[in-house]
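Okay, thanks everyone for coming. I'll walk you through one chain today, starting from a single residue and working outwards.

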Amino acid sequence: MLDRFCLRALLSAGLLLPLASCSNPSLTSIVVSPATETSSLSSGLQTQFTAIGYYTHPNHAAKTLDVTNEVTWASANPQMVTINSSGLATVTGLVYGNTTISASAPGFNGDIVGTADFIVQKPTTTSAIVSLSITPARYVLASAGATEAFTATGSTTSGSTRAVTTETIWSSSAPDIATINASTGVATAVSAGTATITATYTNSDGTTTKVAVPFIVQ
């Protein structure tokens, strides 16, 4: 083994290079992409994450490398999202909320970690409309040219009610007697006679509920 005097002499003579100049650039940071992912609570939905490593060294130019397959991937909440060794994350469909996806690899002074946020959204459900009521509820007496604005209220499976006037399809049995705007529920009297105004609401599963009232034009 060279003693320190011999080593110093060799360095002075240029026969040995300083050890620092021979070392490789060190990993200093990891950036995970996408930085934030939002998904629904549907089992099996997947997102591919990537990891870019940033390397620096005093005697070398900084460089970046795709280290997706070299880092160690982890999910802070595997019950929410799992992730495999290549960065492919999968929603479990069990729980919703926020968790963290991390990618780590050894650096010069310890592990370097990059993170991303993963948001699993609570499913939004709208209770089905099981009955419909409209106002005016009994009948309408009008003269030709007069208008009437109908409104619709739906009762849901959960027992609540909500206004569905603009979500309802409006129709008239006799447009020559009374017309009605199909989306707003505004009816117009045309000529003497009786027409039936019908409101129809269709749920997302295709089931419908209807209600009708007479519209009498004098």
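Before anything else, a term we need: a residue is called buried when its relative accessible area is under 20%. And keep in mind that what you're looking at is a predicted model.

So, take Ala189, which you'll find in strand E18. Is Ala189 buried or exposed? Its relative accessibility is 4%, and because that falls under the 20% cut-off, Ala189 counts as buried.

What does Ala189 touch, if we skip residues up to four places away in sequence? There's a run of partners from Ala142 and Ser143 through Ala144, Gly145 and Ala146, then Ile177 and Ala178, and finally Phe215 and Val217. Look at Ile177 for a second: it sits 12 residues from Ala189 along the chain, and their C-alpha atoms are 6.2 Å apart.

Okay, zooming out. In the whole chain we have 20 strands and two helices. Of its 218 residues, 31% are buried. If you take contacts with a separation of 6 or more, 51% of them link residues 24 or more positions apart. As for the outside, the accessible surface is about 12,700 Å², and carbon and sulfur atoms account for 55% of that.

Now the inside. In soluble globular proteins, nonpolar side chains tend to be buried together. Here, the largest nonpolar core has 22 residues, and the ones with the most contacts inside it are Leu132, Ile134, Phe150, Trp170, Ile197 and Phe215. You may remember Phe215 from the list of residues that Ala189 touches. Several strands give two or more residues to this core, including E11 (129-135), E18 (186-189) and E20 (208-217). Which element gives the largest share? That's E19, with four residues.

Let's stay with Leu132. Leaving out neighbours within four places in sequence, Leu132 has contacts that include Ala152, Val164, Ala199, Tyr201 and Val211. Apart from this core there's another one, of 21 residues, with Trp73, Ala89, Val91 and Phe118 among them.

Last stop, a sheet. Strands pair through backbone hydrogen bonds, either parallel or antiparallel. This one is an open, antiparallel sheet of three strands, in the order E1-E4-E5. At the edges are E1 (26-33) and E5 (60-66), each pairing on one side only. From one strand to the next, the twist averages 20°. E1 and E4 (residues 50-57) are joined by seven bridges, and if you want a spot to look at, Val32 stands opposite Ala51 in E4.

Note on methods: Residues numbered from 1 in each chain as written. Predicted model: local features only at pLDDT ≥ 70, side-chain atom pairs only at ≥ 80, totals over all residues. Heavy atoms only, no water. Buried < 20%, exposed > 50% of the residue type's maximum accessible area, 1.4 Å probe, protein only. Contact = heavy atoms within 4.5 Å. Areas by Shrake-Rupley, 256 points an atom, 1.4 Å probe, with all protein chains shown as cover. Pairing = 2+ DSSP bridges. Axes fitted to C-alpha atoms, helices over the stretch in contact; angles between N-to-C directions. Core = buried A, V, L, I, M, F, W, Y, C linked by side-chain atoms within 4.5 Å.
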